[in-house]
Amino acid sequence: MKLTCIMCPVGCNLTVKKLKNEIIVTGNGCPRGETFGKSEAINPTRIVTSIIPYKDRTVSVKTTNPIPKNKIIECLNEIRNVKLNPPVRMGQVVIKNVCGTGESVVITGIN
Amino acid sequence: MDKIKTEILVIGGGASGLSAGISATRNGAKVIIVDREEKLGGILKQCIHNGFGLKYYKKEMTGPEYANNLIVEAKSLNIPILMQTSVTKVTKMQNGSFKVKVVSPNGLKEIIAKAVILAMGCRERTAASISLGGTRPVGVISAGSAQKMINVYGQMIGKNVVIVGSGDVGLIMARRLYFEGANVIGVYEINSIPSGLNRNIVQCLNDYNIPLHLSETVVEVLGKDRVSGVVVAKVNPDFSFDLKTRRVIPCDTILLSVGLVPETDLVSNDIVINKLTSGAVVDDNYQTSTSGLFSCGNVLHVHDIVDDVTMESIDAGKCAALFVKNKLTEGKKFKVLTGNLVRYSVPSYAEGGQGFLNVKFRVSGVKKDCFITARLADGTVIAKRPAKIVLPAQMEQVVIDKSKIVGDLTISVEDN
């Protein structure tokens, strides 16, 4: 499997080989690439970022860690259903255990 | 009219201005930062996606979080910051100081500074700057403006969207629009290679099956009041349109992601501008052709990643602090020239001495398995590093031992 690493802007071209008991990643420039290559082969994950309306503007939010790719749309729908009351603060948890992933959605910025 | 005195005035409170202001303060200078917006952070405020900070903070964060780190640091240093304050004129006075006129909600002010750091960032190229054909209905919007509308103001901009150009902001917005329920019809790139970073093609387009059409572009905008569609056509290698391939694509919104340009208007009549970057010509102290006027970040040249902006601005802030203390050593400056495959490089002048010079540059074409070199006029190699691949979309850097700079030098991409 040929992949482009998305862990940093360098974007290394990875080759991921699935063997019987292990997964071999080559082409990575750093250890993060190996982690990404393996994860992408078994269970691709992404950090999800979005916004929630707040006062007459928004707050920006993210999942604290990457969640499975196939949960992204469900996660966005959960975020869409959140209603926020003032005051809010940076880092505030707005959803616990989003879509059963064990990850939280937290506030990253207040506009 | 209020008059304010300071050692260094920083124009712009985004990643560059905050970083430069923090650095200049830490190096002992008295600093004021002015910003025309209501809130600090510049463009980072609307970049709600993650992927920032890996290089400088060694930690992945979103744009607003990156900005917040800098804001907290600037506040902890008690740097005076004037918000909603827009600079209208920068004048170098006879005594060497700068007179800077600003407008603010409290009226006109005059700031006298020994040095000024330009950190105003860049702005987007427009429909006019790419000579986009057709009508001008509602629904033609630059990618960054769309990003601000959606992420900051929470206002959706359309339902069926065509994206012109594959710059990073456009790619990020393709995913963002998809997340907000829009139908992203496709990204059309006039060039044969994407202009954005590879990772953004992967995680913003491929992940959501958004098509990328290379060597194809929008040749006409359709619609009277609101955009009703676009005409696209394939692009020949000489950049003429292959009109046989014209087809109409119905849509209601056109996003433009066709490049960024340093916003140097404020000073472009007073300093030497690099025609290739549209930013100032600077030396290795980030000093422009006007003594005491420094430039860094995206107003100097457009960067790919904010970490590089921070690191560059820290250097510039330090140089400005040394300047106001009369400690900035300035020896004979040699030219830094562009060689094979190098489109532009920054800085344009450098001197020999202690420490290292970091030259940033962009290439004009793709090349695999090559070497990046710095050579003196007689051919002596004074820096060399291998590169797996160089791409126009990616800023490159080469570090040179300053003790080896004894004449003009040329940055090149070589076979071996």
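This is a guided walk through a few parts of a predicted model, from a sheet in chain A to a group of rings in chain B.

Let us begin with the sheet. Strands of a sheet pair through backbone hydrogen bonds, either parallel or antiparallel. In chain A, four strands form an open sheet in the order S5-S6-S9-S8, and their pairing is antiparallel. At the edges stand strand S5 (49–54) and strand S8 (93–95) of chain A; each has a single partner strand, so one side of each is left without a neighbour in the sheet. If you look along the sheet, you will find neighbouring strands turned against each other by 45 degrees on average, direction ignored.

Now look at one of those edges. S8(A) runs antiparallel to strand S9 (residues 105–110) of chain A, and two bridges join them. In this part of the sheet, Ile95(A) stands opposite Val105(A) of S9(A). A helix also belongs in this picture: helix H2 (residues 72–80) of chain A lies across S5, strand S6 (57–63), S8 and S9 of chain A. Its direction is at about 15 degrees to that of S5(A).

Next, let us visit two residues in strand S6 of chain A: Lys62(A) and Thr63(A). Is Lys62(A) buried or exposed? Its relative accessible area is 12%, and buried means under 20%, so Lys62(A) counts as buried. Beyond its neighbours within four places in sequence, Lys62(A) is in contact with residues of chain A, including Ile47(A), Val48(A) and Val106(A), and with Glu60(B), Thr62(B) and Glu65(B) of chain B. With one of these, Glu65(B), the side chain of Lys62(A) makes a polar contact of 3.1 Å.

Thr63(A) is buried too, at 0% relative accessibility. Setting aside neighbours within four places in sequence, its contacts include Arg46(A), Cys75(A), Val98(A) and Ser104(A). Val105(A), which stands opposite Ile95(A), is also among the contacts of Thr63(A). A polar atom of the Thr63(A) side chain lies 2.9 Å from the backbone oxygen of Asn65(A). Along the chain, Thr63(A) and Gln92(A) are 29 residues apart, and their C-alpha atoms are separated by 12 Å.

Finally, let us turn to aromatic rings. How many aromatic pairs does a search of the whole structure find? There are six over all chains. One of them joins Tyr56(B) and Tyr57(B), with 4.8 Å from centre to centre and 75 degrees between the planes, an edge-to-face arrangement. Tyr57(B) also pairs with Tyr66(B): their ring centres are 5.2 Å apart and their planes are at 80 degrees, so this pair is edge-to-face. Through these ring pairs, Tyr56(B), Tyr57(B) and Tyr66(B) are linked into a cluster.

How accessible are the members of this cluster? Tyr56(B) is partly exposed at 31% relative accessibility, and Tyr57(B) is partly exposed with a relative accessible area of 23%. Tyr66(B), on the other hand, is buried, with a value of 0%.

One more ring in chain B is worth finding on your screen. The charged end of Lys384(B) sits over the ring of Phe371(B), at 4.7 Å from the ring centre.

Key:
Residues numbered from 1 in each chain as written. Chains lettered and ligands numbered in written order. Predicted model: local features only at pLDDT ≥ 70, side-chain atom pairs only at ≥ 80, totals over all residues. Heavy atoms only, no water. Pairing = 2+ DSSP bridges. Axes fitted to C-alpha atoms, helices over the stretch in contact; angles between N-to-C directions. Contact = heavy atoms within 4.5 Å. Phe/Tyr/Trp six-rings, centres within 6.5 Å; stacked < 30°, edge-to-face > 60°. Buried < 20%, exposed > 50% of the residue type's maximum accessible area, 1.4 Å probe, protein only. Lys NZ or Arg CZ within 6 Å of the ring centre and 35° of its normal. Polar contact = N/O pair within 3.5 Å; in protein donor to acceptor, adjacent residues only side chain to side chain.
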